[in-house]
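Me: Please take a close look at a single part of this model, a pair of helices that pack against each other. I would like the cut-offs behind each term, and then some context from the rest of the assembly.

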Amino acid sequence: MSLNVNMSTLTGAKSTGGAMNALTLRLQDEIFAVEAESVREILDVVPITEVPNARIFVGGLINVRGRVVPLADLRVMFGMERPPADVNTRIVVVEVDLDGEPTIVAILADRVHDVTEIETATIQDAPRVGMRWRPEYIRGIGKRGDDFIIIPDMGKIFTMEDGKPSGSQEGVGL
Amino acid sequence: MSAADPTDVFRQEARELLEQLEQALLDLNDAPDDRDLVDSSFRALHTIKGSGAMFGFEEVAGFVHEFETAFDRVRKGTASISAELIKVALAAKDHIARLIAEPGKHAAAGEPILEHLRTVVESGVGHVPAPVAKAAAAGAPAAAAHGQSHGRSWRIKFRLPENALVLGANPLLLLDELRELGACEVAVSTDAVPPLDAIDPEVCYLGWDVVLSTDSPRQAIDDVFMFVRDDMELSIELVAPASTVATASAVAPQPSVALLPDINWKEPVPVVEIEKHRETSNAAGKTGSSLRVPAERLDQLMDRVGELVIAQARLSQLAAASDDANLKALSEEIERLASGLRDTTMGIRMVPIGTLFGRFRRLVHDLSNDLGKEVDFVTVGEETELDKTVIERLADPLVHVIRNAIDHGLEAPSRRVNAGKSGRGRVRLAATHAGAEVAISIADDGAGLNIERIRAKAVEAGLIAADAKLAEHELFQLVFHPGFSTAKEVTSLSGRGVGMDVVKRTIEGLRGHIDLSSKPGEGTTVTLRLPLTLAIIEGMLVRVGQGRYSIPLSAVEECVELPTDAEACKSGRNFLNIRGNLVPFLRLRELFKTKAPADPHQKVVIVSAGEFRVGLVVDQVIGNSQTVIKSLSKLHADVESFSGATILGDGTVALILDVSHLVTFGQNFESRLRDERIGRAA
């Protein structure tokens, strides 16, 4: 089972075979896959503390077992609608690498599916056209049955300076 | 736990000894005639040499041996102490530190230092015989012993403690060292060796009986056993004079040196004679009983206590909502225990700042040499205690500030004299408690900041407009801007425009503040204000809209109700009249873009940030609470108005306001609103 496929080798050498162990979750209409190894836990929705003037992408904080953890909404980065939480909403606590520093962050998921294996061979680079998302946020696109699974590049997403408050909430440099 | 690497122990010990050596050398610089200082430097050297050899740091032992030999002439009073000697001795001390830190890399660099040291010692010989005379007058044990001991035979019996081999002592080395002193006849005493089946190979059963003929004084023999002396059996006796009977009779009256033919091995013989200074140094090393604990264990303890405080807050909340008197009583009990535990734990982490100040003496000494400025360095308030982490992180910023004070602050001696001041500059480093903060000030009596030059430089760097009108303290703040430096010439020490901004950032990272004040011709004072601890603070919990925020209680001055007329007057002035003083206020609802409807009676929390007093308008003041500070992740590094977050009794997260940043933010926010309004009007 634990073929321990490193994400960074995934896109580089896809033909070596093997599979990626991934947690699949749904953000709006798309299925995303997060490397299962990086997932710490999955929580029901807990009270969220809003951080005034923070980027909308990381606009909240939650308490995970006595730890203050930033809550990120990937839907902001993928330009999706953000309906309020419902019974299926979950919080996935993952460890991401921020400039070489492992950091615990929580991400909102509209629904969490299951842990699955994605054949490395089926993973392709994100196409340059036919996609309204920034290609650097996507590590690759895998396939399971007829479904496409988006493998986001968490490191890039979290280190990008994007997602500043926009529109009416101007990005004031606090 | 006990499996610590012995070389680590040596490194740690050596570090302390080197520090001790450095302090003694620096003290000697000020008081060259103090024999105690010479002795304590020498002891430190000798211990480093001995334990260095024991732990296999041959380079260190070799180098220190040479250092010691040269320095010995100073101890014997045949060479004098000069500033030059102190300088090269300090360089030698640095070299030892390098040899220990990176064995095998720096050995070659040692010889020039030793050469220099020898030259300096040689040149110091003769022309100041004062210390010798003084020593002789004071009874001069060393010199006197030297005279008496000429060519005598000593009988040395010693037996090492049973665990000596386990602890790394090597009797062969001791015997070798004795041989170095003179001709030895060594006999081994095997009477304590048990039958074969009872022998523990790690135990040392042997005793030795050595007859040594030497010119060296008694002291030299004692020194051989310096490191094993504590538990060993040792007797040193004068046997028979090697040369003349006359010297023997001169020695005979000394009660401790009896001519006993033999001694009973069974009876542990206490060390016959212990020099006074060694007793005192041992006593100093063992004052009170203290314990060395790895820092991370303290941090873990602190984390646990933090969690306990959070859990306790939840318990109190439950108890408050309950009618059960027992639960209430228990909750109060736990609260008392938790706060006691918290205080004790924080106390463990407190370290007197003097440990840090000591390091700067060397810095000042070196700078004063390099720059040719004589500096009196005064430290005050060494006993002031601060959190260990704060102290560690303060070291670099303080180095910068002190460097600046000496390099830029103090004028050259000639200019000082022209200005009617003493040629010697003065830098004063002081620490004092001020409420929940510690203020550390670095004051020089130099020329003061040149406001015009700061302005010119700021205009040149494009930081301010050429015609900008700025108050003095605003101009001073520009010094902290990245890439700002007023030094006309870049020296090797400062003036590269890095420094003050880093200092400011580090201090703010510690949730502290930095202030600068200066008077032309009288000097500059940099004041750092730091919180006592980084872990837990008393906070005042307030509510703004749906969000709850904690304001550090140390910053809170008072709470008042927002007058209804001030509330109504939304467009114009935003200040209150607090007992005749104008206090501007910020509406946190506006700053935080709160959408929830405002409470009818808004409260104002008056906080102080530096020289400013500002009111923060909130919806509700909830009360005081223990706030365990959790830092925010990098993802929120751009949100500077919060210094961290904490977890409340009900398990939700509350943000901790960073008062000084909030005030700055509020100023920007208001000026932008003002500009917008003017823009709209135009």
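Reply: The account below begins with the helix pair and then widens to the chains and a few single residues.

This is a predicted model, in which local features need pLDDT of at least 70 and side-chain atom pairs count only at pLDDT 80 or more, while totals for chains, interfaces and linings use all residues. Residues are numbered from 1 along each chain as its sequence is written, and chains are lettered from A, ligands numbered from 1, in the order in which they are written.

The pair consists of α1 (residues 6-30) and α2 (residues 35-54) of chain B, whose axes come within 9 Å and cross at roughly 160° (axes are lines fitted to C-alpha atoms over the stretch in contact, with angles from 0 to 180 degrees between N-to-C directions; helices are DSSP runs of H or I with at least four residues, strands runs of E with at least two, numbered from the N terminus). Because of that angle, α1(B) is roughly antiparallel to α2(B), a label for angles over 145 degrees. The crossing of α1(B) past α2(B) is left-handed, meaning that the near helix is turned anticlockwise from the far one by less than a right angle.

On the α1(B) side, the residues that make the contact are B:F10, B:E13, B:A14, B:L17, B:Q20, B:L21, B:A24, B:L25, B:D27 and B:L28, where contact requires C-beta atoms, placed from the backbone, to lie within 7 Å. An α-helix has 3.6 residues a turn, so residues three or four places apart point the same way. The α2(B) side supplies B:L37, B:V38, B:S40, B:S41, B:A44, B:L45, B:T47, B:I48 and B:S51. By class, the residues of this contact divide into twelve nonpolar, five polar and two charged (Ala, Val, Leu, Ile, Met, Phe, Trp, Tyr, Cys and Pro are nonpolar; Asp, Glu, Lys and Arg charged; the others, Gly among them, polar).

Chain B as a whole has 22 helices and 21 strands, and buried residues make up 32% of its 682 residues (buried means 20 or more other C-beta atoms within 10 Å, exposed 12 or fewer, partly exposed in between). Among its contacts between residues at least 6 apart in sequence, 70% join residues at least 24 apart. Another of its helices, α4(B) (residues 83-101), has buried residues that include B:L85, B:I86, B:V88 and B:A89.

Chain B also meets chain A, with 22 residues of chain B in contact with 21 of chain A. The elements that give two or more residues to the chain B side are α12 (295-321), β20 (642-647) and β21 (653-657), and the largest share, three residues, comes from β21(B). That side divides into ten nonpolar, six polar and six charged residues. Chain A itself comes to three helices and eleven strands, with 35% of its 174 residues buried.

Two residues other than glycine have a positive phi, in contrasting surroundings. A:N53, with phi of about 70°, lies in the loop between β4 (49-50) and β5 (60-64) of chain A, and its 24 C-beta neighbours inside 10 Å count it as buried. B:R579, with phi near 45°, lies in the loop between β15 (575-578) and β16 of chain B, and with 6 such neighbours inside 10 Å it counts as exposed.

Key:
Parallel < 35°, antiparallel > 145°, perpendicular 65-115°, else oblique. Contact = placed C-beta atoms within 7 Å.
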